[in-house]
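Here is a friendly walk through a two-chain complex, written for someone who likes to check geometry against coordinates. Have the viewer open and follow along.

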Amino acid sequence: MPEPAFTEDQRDALQEIANLAMGQAATRLARLLESFIELSVPRVRVVDVSDAARTLREMTGIDETVSAVRQGFRSDIKGEALVICRSDSIAQLCALVSDPYSRSSYEAIGERELMLDVANLLASACVSSILDQLGRTPVFSAPGVLGEALTLDDVFQPGMLQWRKALLVEVNFALETTSFRAHLVMLMAEESIHHMNEALDALLSSL
Amino acid sequence: MLPIVIADDSLLARKLLTKALPPDWDVDVSYATNGREALALYREGKASVMFLDLTMPDMTGYDVLEALRHEELNSFVIVVSADVQPLARARVRELGAIAFIAKPVTPEALLPILKEYGLYA
């Protein structure tokens, strides 16, 4: 199998597809949190898996510990969706949602549940929209909390992904007037990169 | 022929938008890949209608709208964006855009706007 890579047109197309998906996810998040969401420019890169943590640190500027939720998705294009936020920013998120979370007498559970809800919303909306635009309908696994005070190196442990190269798509959602920012990272392995190449070429040549 | 500009940094987006235009619309299409190019085309008189993406390098769509306000704004600007939050819509209308269309642009979304402003019969 040739080294996974993207042509300039393929990268552009995936970035635009991710941009559109991000817009749809942001609308849902804005409704949940009743806040305006500032969108980023999606980033698309093929990286060595051993380099994923460093790349993410560079993209996100995060040196602190993070809360991370992981959710798998499957079609012929398959991979992992990760939602990552600074550990100390979750409280800001909770402050925005008055009901029902803050009424919980178990505050820690409330934070964890809210993080799971937000992550699930972002991951499913973004991944579904991206794959839908490519004519795929993914199946999702249940989201799971990876941890609440992890370093990015913990998130991308060498054992977690049995791949060499990964396609990394990053979009982020910032809550206006707070410093809360959620990063959604999609990771796909070599085989999926080839399917992605084909799907993007098919889309481009159909226009 | 009506001169129109499609301004978007993404090739896919430019192609998708072109495909959504009425097939029998008598237009001369110019393409811009950033805000600065869009503004230059406007100044050359090539933008009676401008389809404008918001997130572009080298002048965003917001920057272009601001710049047009200081000129005569002799153009119907239709903002095309993936950011479909109500507040984003309100902000571009304040800046003088006649309409806001969500990506992906469909002929069904586009036609009523073109007809309302007498740009397409």
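Let us start with a helix that is covered from both chains. The cover over the buried residues of α1(B) includes α1 and α6 of chain A, along with β1 (2-7), β2 (27-32), β3 and β4 (76-81) of chain B. The helix itself spans residues 11-20 of chain B, and its buried residues are Leu12(B), Ala13(B), Arg14(B), Leu16(B) and Leu17(B). Please keep in mind that this is a predicted model. The predictor assigns the complex an ipTM of 0.87 and a pTM of 0.89. For chain B the average pLDDT is 94, and 100% of the residues score at least 70. As a general caution, predicted coordinates should not be read in detail where pLDDT is low.

**Where the chains meet**

How many residues does each chain bring to the contact? Chain A contributes 18 residues and chain B contributes 15 residues. On the side of chain A that touches chain B, the elements giving two or more residues are α1 (8-33) and β1 (37-39) of chain A. Of the elements on that side, α1(A) gives the most, with twelve residues. By residue type, the side of chain A that touches chain B has eleven nonpolar, four polar and three charged residues.

**Helix α6 of chain A**

The other chain A helix named in the cover above, α6(A), rewards a closer look. Helix α6 of chain A has 16 residues (residues 190-205), which at 1.5 Å a residue should span 22 Å; the C-alpha atoms at its ends are 23 Å apart, in agreement with that expectation. Which residues of α6(A) are buried? They are Ser192(A), Ile193(A), Met196(A), Ala199(A) and Leu200(A). These residues cover an arc of only 125° around the axis, so they sit on the same side of α6(A). In general, an α-helix has 3.6 residues a turn, so residues three or four places apart point the same way. On the other side of α6(A), Ala202(A) and Ser205(A) are exposed. The buried residues of α6(A) are covered by elements that include α1, β2 (43-48), β4 (79-86), β7 (165-175) and β8 (181-189) of chain A. Helix α1 of chain A is thus part of the cover here, and α1 of chain A also appears in the cover of α1(B).

**The build of chain B**

Chain B has five helices and five strands. Read from the N terminus, its elements follow the order β-α-β-α-β-α-β-α-β-α. The radius of gyration of chain B is 13 Å, close to the 14 Å that the globule rule gives for 121 residues, so chain B is as compact as a globular protein of that length. Along the principal axes, the C-alpha atoms of chain B fill a box of roughly 35 × 30 × 25 Å. Buried residues account for 40% of the 121 residues in chain B. Among the contacts in chain B with a separation of 6 or more, 63% are between residues 24 or more positions apart.

**Backbone points to check**

Most residues other than glycine have a negative phi, and most peptide bonds are trans. The table collects places that depart from this pattern.

| Site | Backbone value |
|---|---|
| Glu34(A) | positive phi of about 50° |
| Asp58(B) | positive phi of about 50° |
| Lys103(B) and Pro104(B) | cis peptide bond, omega about -5° |

Glu34(A) sits in the loop between α1 and β1 of chain A. Is Glu34(A) buried or exposed? Glu34(A) counts as exposed, because it has 9 C-beta neighbours inside 10 Å. Asp58(B) belongs to the loop between β3 (49-53) and α3 (61-70) of chain B. With 12 other C-beta atoms within 10 Å, Asp58(B) is exposed. Pro104(B) is in the loop between β5 (99-102) and α5 of chain B.

**Two residues in their surroundings**

Leu152(A) lies in helix α5 (residues 152-155) of chain A. Leu152(A) counts as buried because it has 20 C-beta neighbours inside 10 Å. Leaving out residues up to four places away in sequence, Leu152(A) touches Ala53(A), Leu56(A), Arg57(A), Ile62(A) and Val66(A).

Ala121(B), in the segment after α5 (107-116) of chain B, is exposed, with 7 other C-beta atoms within 10 Å. The C-alpha atoms of Ala121(B) and Trp25(B) are separated by 8.8 Å, and these residues are 96 residues apart along the chain.

Key
Residues numbered from 1 in each chain as written. Chains lettered and ligands numbered in written order. Predicted model: local features only at pLDDT ≥ 70, side-chain atom pairs only at ≥ 80, totals over all residues. Contact = placed C-beta atoms within 7 Å. Helix = DSSP H or I, 4+ residues; strand = E, 2+ residues; numbered from the N terminus. Nonpolar A, V, L, I, M, F, W, Y, C, P; charged D, E, K, R; others polar. pLDDT = per-residue confidence, 0-100. Expected span 1.5 Å × (residues − 1). Arc of directions from axis to C-beta. Rg over C-alpha atoms; globule rule 2.2 N^0.38 Å.
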